[in-house]
Amino acid sequence: MKAQPTASHFIDGEYVEDEDGAVIESLYPATGEVIARLHAATPAIIEKAIAAAKRTQPEWAAMSPTARGRILKRAAEIMRERNRELSELETLDTGKPIQETIVADPTSGADSFEFFGGVIAAGLNGDYIPLGRDFAYTKRVPLGVCVGIGAWNYPQQIACWKGAPALAAGNAMVFKPSENTPLGALKIAEILVEAGLPKGLYNVIQGDRNTGPMLINHPDVAKVSLTGSVPTGRKVAAAAAGRLKRVTMELGGKSPLIVFEDADLDSAIGGAMLGNFYSTGQVCSNGTRVFVARGVKEEFLSRLKERTEKIIIGDPMDEATQLGPMVSFDQRQKVLSYIDKGKAEGATLVTGGGIPNHVTGEGYYVQPTVFADVTDGMTIAREEIFGPVMCVLDFDGEEEAIARANATEFGLSAGVFTADLTRGHRVADQLQAGTLWINSYNLCPVEIPFGGSKQSGFGRENSLAALEHYSELKTVYVGMGPVEAPY
Ligand code: NAD
């Protein structure tokens, strides 16, 4: 099985190799097999990518928004035409089941190019401000060269969610995927050029934690958008602050999902399962602390256990498979060690709790796991696990649930399931998070802003809000008469 790209990097419209960079092996998580060997970017590669971006950006920014939009929408069309091929690549890169990637990965990337290609044609307009005799106007101008740094859970989606608004607003981008999932972004870069994007505007370079700082510290880079963990976010924001660069931080979470007695339990269980097991639990916005009203706890747990034990674990390329492996051996070990902590600290293991024994081979599989009787102080209730581990906590009253849900440094997402309309909105209003769902969970269509509060980050991806983070306001005051000077 080979997913060997033509070369490691995509710069100035073509594949580029530089074997001086450290080797990055891309492993298929379902088997551990090496599917591609790439090289981390050397300083020369970084220089080349940023120079290409800097050279082309002014000419791109000078094009009409309609012309820019047309190219982005064409890229969306190509992505949809190649959905199967891109989804298989995403499955090889991440281990996520094809059942998911075929509906969630290239398609959401295509949505992003289509949305931003469309809205930019309608104009990223400014204001006219009457000032009596004089007037002023504002315009939104691109920032210049933007850097995107991705996590490994949604490599193609992240490459598009950063690239589409950046390009729509008239910027160039240098994107560095996660070293765990280096392949998908290269294809996105290739498709953009095929769609007509001028060469040099969207470049992909490979690398790891040592490569990122070289990009961030480069004087020609205006902005950094990171998707990653909170500790990485702190480092990236600190490095960007040294030169007062703009930053968007899409970081981790430990999001609460509150299920009241009156909730439609089938929907609440479905939401909780999607919010813990989709992408083998490797989703930043997952509702990993499921607060269940004590009155429905037993019923919730028994139905949840039954449904969880029916999840089909196996070969990600088999369309019937619902749960694939973790992205890497290290990530699997980390998840297993959290499961051990859950057991040791006294949580009740409802189901799962180890490596599935029917899956053979070297894949990084872990069982979908549910813990009940979890208390707020337990490690599994406080730290982001980033694997298929659901923690169920009991509560008695609304105020108590809200206070406990908010008692975390994170603030990415939150959810509430209830049949009471006013309670749904009242609770959503008080939960501290950037994105909330009432009677739903984890749906992030491109039309709505997505991002975190508190330690989960700042800035927003998707929606018109993303364009504000890839542009800045310029104000022009126009004097319409003689200047009245007192001297
Ligand atoms: P990570 O923080 O380890 O790495 C993220 C990226 O940052 C990688 O490309 C990595 O090479 C790079 N990096 C690491 N150290 C760096 C440094 N010092 N300077 C510059 N770049 C550096 O995260 P991960 O393990 O790849 O992904 C999982 C994390 O991402 C989880 O915490 C998850 O919640 C978060 N995440 C957040 C969102 C969101 O939108 N909020 C989405 C997906 C994942």
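At 22% relative accessibility, Cys 444 falls in the partly exposed class. This residue of the predicted model makes a convenient starting point for a tour of the cysteines. Searching the whole structure turns up 0 disulfides, and Cys 444 accordingly takes part in none, its nearest cysteine sulfur being that of Cys 284 at 7.4 Å. That separation can be set against the cut-off for a disulfide, which asks for two cysteine sulfur atoms within 2.5 Å. Cys 391 is likewise in no disulfide, and here the nearest cysteine sulfur, again that of Cys 284, lies 17 Å away. The surroundings of Cys 391 can be described too: with a relative accessible area of 0%, Cys 391 is buried.

From these cysteines the view can be widened to the chain as a whole. The fold is built with 16 helices and 20 strands. Its radius of gyration is 24 Å, close to the 23 Å that the globule rule gives for 487 residues, so the chain is as compact as a globular protein of that length. Measured out along the principal axes, the C-alpha atoms fill a box of roughly 80 × 55 × 40 Å.

The interior and the surface can be taken in turn. Of the 487 residues in the chain, 59% are buried. Contacts were also sorted by how far apart the partners stand in sequence: among those between residues at least 6 apart, 74% join residues at least 24 apart. On the outside, the chain exposes about 19,100 Å², and carbon and sulfur atoms supply 53% of that area. As for charge, the chain carries 46 positive and 60 negative charges, and the mean positions of the two sets are 4 Å apart.

A closer look at one residue, Tyr 364, helps to make the picture concrete. Tyr 364 sits in the loop between strand 14 (348–351) and strand 15 (369–372). Although part of a loop, Tyr 364 is buried, with a relative accessible area of 7%; that value is under the 20% that marks a buried residue. Which residues are in contact with Tyr 364, leaving aside its neighbours within four places in sequence? One group comprises Leu 27, Pro 29 and Gly 32, and the others are Pro 325, Met 326, Val 327, Ser 328, Phe 329 and Arg 332. Asp 220, by contrast, stands 144 residues from Tyr 364 along the chain, and the C-alpha atoms of these two residues are separated by 40 Å.

Definitions and conventions
Residues numbered from 1 in each chain as written. Predicted model: local features only at pLDDT ≥ 70, side-chain atom pairs only at ≥ 80, totals over all residues. Heavy atoms only, no water. Buried < 20%, exposed > 50% of the residue type's maximum accessible area, 1.4 Å probe, protein only. Helix = DSSP H or I, 4+ residues; strand = E, 2+ residues; numbered from the N terminus. Rg over C-alpha atoms; globule rule 2.2 N^0.38 Å. Contact = heavy atoms within 4.5 Å. Areas by Shrake-Rupley, 256 points an atom, 1.4 Å probe, with all protein chains shown as cover. Lys, Arg positive; Asp, Glu negative; His and termini not counted. Charge placed at Lys NZ, Arg CZ, Asp CG, Glu CD.
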